[in-house]
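Please work through the exercises below with the sequence and the structure at hand, and try each task before reading its solution.

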Amino acid sequence: VRAAANATGEPAAGGLLHRAFFEHARTDPDRTAVICGERELSYGDLADQALRIGAALRRRGVRPGDAVAITMPRGAARIAAVLGVLAIGGAYVPVGLDQPPHRRSLVLERAQTLITCAESRTGLLDHESALTTAEALTGQPLPEPVECDPAAVAYVIFTSGSTGDPKGVMISHAAAWNTVADMNARFGVSAADRVLGVAQLGFDLSVFDIFGPLSVGGALVLPKAERRSDPSHWASLVAEHGVTLWNSVPAQMQMLVDHVQTRPDALGSLRLVLLSGDW
């Protein structure tokens, strides 16, 4: 079993991160894709929003290969923004709202970002070309995602760097999709699965949270932005929405376990826990 798990002789499963999602949106548009608070967004609605955001970015001059910063609160609109950037062949660049203004400016400058997707320009970025999702959703959608090379960059995540300056790491579609496809196959992730998305968009674990379930017809459950670090909220979401997959750093799982240790049945729906990114 170990030898099979560690075998590296198979070719990488090259592909586009977003392709399978849009295929599911076309064939099963009414299926639930994202749950956030009281709101559930179907595959069809999420794809429509993404294609409208993509069309708005294109009207602003964004072309395949361009980097697009995303700085907005956690929620379904942020997932639509990610998919919208990818739908026009762009690379998304997460910029956390909680980052100091100076660091945020450095990331934007070094990423050579052309457009910023934001819920509101006020207090986020002084950027004349900032595009809000409210504006984007009023326009006509793209007919379909554009084709692009799997070797193209899908996203850029900035680390703190050993010197304290942010350093961008560029990840291709093929590299990211190879990981997502392997994890889905290895652990039998299917349309019956729901993932609780506790990772920030600027952390690599969020890539599986989004594209793992959405590429097989599953659903992504998002904590409320104001309770994103609250283990009691996590436990409630697991129970309420039948979350089956957990993907986080060990410290977050420790918080959850500490919270539910007197209620051993609280996490009964979980079938798989993935821990990485830390000790």
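The exercises that follow concern a predicted model, and each comes with a worked solution.

**Exercise 1. A helix and its buried face**

Task: Compare the expected span of helix α7 with the distance between its end C-alpha atoms, and then find where its buried residues lie around the axis.

Solution: Begin with the length: α7 covers residues 173–186, which makes 14 residues, and at 1.5 Å a residue the helix should span 20 Å. The end C-alpha atoms are 19 Å apart, which agrees with that expectation. Next, list the buried residues of α7, which are His-173, Ala-176, Trp-177, Val-180, Ala-181, Met-183 and Asn-184. Looking down the axis of α7, one finds these buried residues within an arc of 165°, so they line one face of the helix. As a third step, see what they pack against: the partners are the helices α2 (19–27), α4 (76–87) and α8 (205–214), together with the strands β7 (153–159), β8 (167–172) and β12 (272–275). Finally, just after α7, note Gly-188, which takes a positive phi of about 60°.

**Exercise 2. The order of a sheet**

Task: Work out which strands stand at the edges of the open sheet of 6 strands, and follow the pairing of β1.

Solution: First write down the order, which is β2-β1-β10-β9-β11-β12, with mixed pairing. In this order β2 (39–42) and β12 stand at the edges with a single partner strand each, so one side of each has no neighbour in the sheet. From one strand to the next, the twist averages 20°.

Now turn to β1, whose 5 residues are buried, 5 of 5. Towards β2 it runs antiparallel, joined by 4 bridges, and Thr-32 of the pair stands opposite Ser-42 in β2. These two strands form a hairpin with 2 residues between them, and Gly-37 in the turn has a positive phi of about 65°. Towards β10, by contrast, β1 pairs in the parallel sense over 3 bridges, with Val-221 in β10 as the bridge partner of Ile-35.

Further along the order, β9 (residues 194–196) and β11 (residues 245–248) run parallel and are joined by 2 bridges, and the bridge partner of Val-195 in β11 is Leu-245. Helix α10 (residues 250–260) packs on the sheet, where it touches β11 and β12, and its direction makes about 130° with that of β11.

**Exercise 3. From a helix to the core**

Task: Find which strands α4 lies across, and which helix gives the largest share of the largest nonpolar core.

Solution: Start with the position of α4, which lies across β1 (32–36), β2 and β10 (219–222) and runs at about 135° to β10. Then consider the largest nonpolar core, which has 52 residues; Leu-17, Phe-21, Leu-46, Ile-79, Tyr-92, Tyr-155 and Phe-211 are those that touch the most other members. The largest share of this core, 10 residues, comes from α4. To see one member in detail, take Leu-46, whose contacts, leaving aside neighbours within four places in sequence, include Phe-21, Val-34, Ile-79, Leu-83 and Leu-214. Another core, of 16 residues, lies apart from the largest one, and among its members are Ile-35, Leu-196, Val-198 and Leu-270.

**Exercise 4. One residue in α5**

Task: Decide whether Leu-106 is buried or exposed.

Solution: Locate Leu-106 in helix α5 (residues 101–111). Its relative accessibility is 16%, and because buried means under 20%, Leu-106 counts as buried. As a last step, compare sequence with space: Leu-106 and Pro-166 are 60 residues apart in sequence, and their C-alpha atoms are 7.3 Å apart.

Technical notes
Residues are numbered from 1 along each chain as its sequence is written. This is a predicted model: local features need pLDDT of at least 70, side-chain atom pairs count only at pLDDT 80 or more; totals for chains, interfaces and linings use all residues. Side-chain values use heavy atoms; hydrogens and water are left out. The expected span of a helix is 1.5 Å times one less than its number of residues. Buried means under 20% relative accessible area, exposed over 50%, partly exposed in between (1.4 Å probe, protein chains only). The arc is that of the directions from the helix axis to the C-beta atoms. Contact means heavy atoms within 4.5 Å. Two strands pair if DSSP finds at least two bridges between them. Axes are lines fitted to C-alpha atoms, for helices over the stretch in contact, and angles run from 0 to 180 degrees between N-to-C directions. A nonpolar core is a set of buried Ala, Val, Leu, Ile, Met, Phe, Trp, Tyr and Cys residues joined through side-chain atoms within 4.5 Å.
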